[in-house]
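Open the model in a viewer and keep the sequence alongside. The stops below are given in the order in which to select them.

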Amino acid sequence: MKIIVTSIFVQDQDKALEFYSEILGFVKKHDVPVGKFRWITLVSPDDQDGTELLLEPNDHPAAREYQKKIFAEGFPATMFGVADVRKEYKRLMKHGVKFTMEPIEMGEVTIAVFDDTCGNLIQIVQK
């Protein structure tokens, strides 16, 4: 068994697609109409057959409440691995990305946390 798709709730699919592809650099794999929303998945440019990230509309009240509460408490919705957190931090800052936690070493990893502009905090980690 392996993880093939994981999802993240987003407030606006178009805005999320733009941020995750143009700013973060993920590659759109699927963009299929499904009723009033779309099935939009992205993949890492380095692993285009790997795990897909689904930009899931937070249309359901429970999804909106969950997203709102974990954001307010400062909990990242997910974590992405990067080769160099400090380098990625500088690159994203140049694109205007707002960080809630600058790069910090925590034992054997270095992490940072940013706002994805779509209702989520995202943690990047370097092992």
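Which residue with a positive phi follows H1? Select Gly-25: this residue comes after the helix and has a phi near 95°. Helices (H or I, at least four residues) and strands (E, at least two) are DSSP runs, numbered from the N terminus.

The model is predicted: local features need pLDDT of at least 70, side-chain atom pairs count only at pLDDT 80 or more, and totals for chains, interfaces and linings use all residues. Residues are numbered from 1 along each chain as its sequence is written, and side-chain values use heavy atoms, with hydrogens and water left out.

Next, select residues 13-23, which form helix H1. Its buried residues include Gln-13, Ala-16, Leu-17, Phe-19, Tyr-20 and Ile-23; buried means under 20% relative accessible area, exposed over 50%, and partly exposed in between (1.4 Å probe, protein chains only). Add Asp-12, which caps the N-terminal end of H1. A side-chain oxygen of Asp-12 lies 2.9 Å from the backbone nitrogen of Asp-14.

Go to Ile-4, in the segment before strand S1 (5-10). Ile-4 counts as exposed because its relative accessible area is 53%. Together with Val-5, Val-32, Val-34 and Trp-39, Ile-4 makes a nonpolar surface patch of about 420 Å². Patch residues have over 30% relative accessible area and no salt bridge; like charges are joined within 9 Å, and nonpolar side chains (Val, Leu, Ile, Met, Phe, Trp, Tyr) within 5 Å. Accessible areas come from the Shrake-Rupley method with a 1.4 Å probe, and for residues only the protein chains shown count as cover.

Now select Glu-52, in strand S4 (residues 52-57). Leaving aside neighbours within four places in sequence, Glu-52 is in contact (heavy atoms within 4.5 Å) with residues including Ile-4, Val-5, Lys-29 and Thr-41. Glu-52 is buried but has no salt bridge, that is, no side-chain nitrogen of Lys or Arg within 4 Å of a carboxyl oxygen of Asp or Glu. The nearest side chain of opposite charge, Lys-29, is 4.0 Å away; Lys and Arg count as positive, Asp and Glu as negative, and His and the chain ends are not counted. The side chains of Glu-52 and Thr-41 share a polar contact of 2.8 Å. A polar contact is a pair of N or O atoms within 3.5 Å; within protein, one must be able to donate a hydrogen and the other to accept it, and residues adjacent in sequence count only if both atoms are side-chain atoms.

Finish at Thr-117, in the loop between strand S7 (109-115) and strand S8 (121-126). Thr-117 is not a glycine, yet has a positive phi of about 65°.
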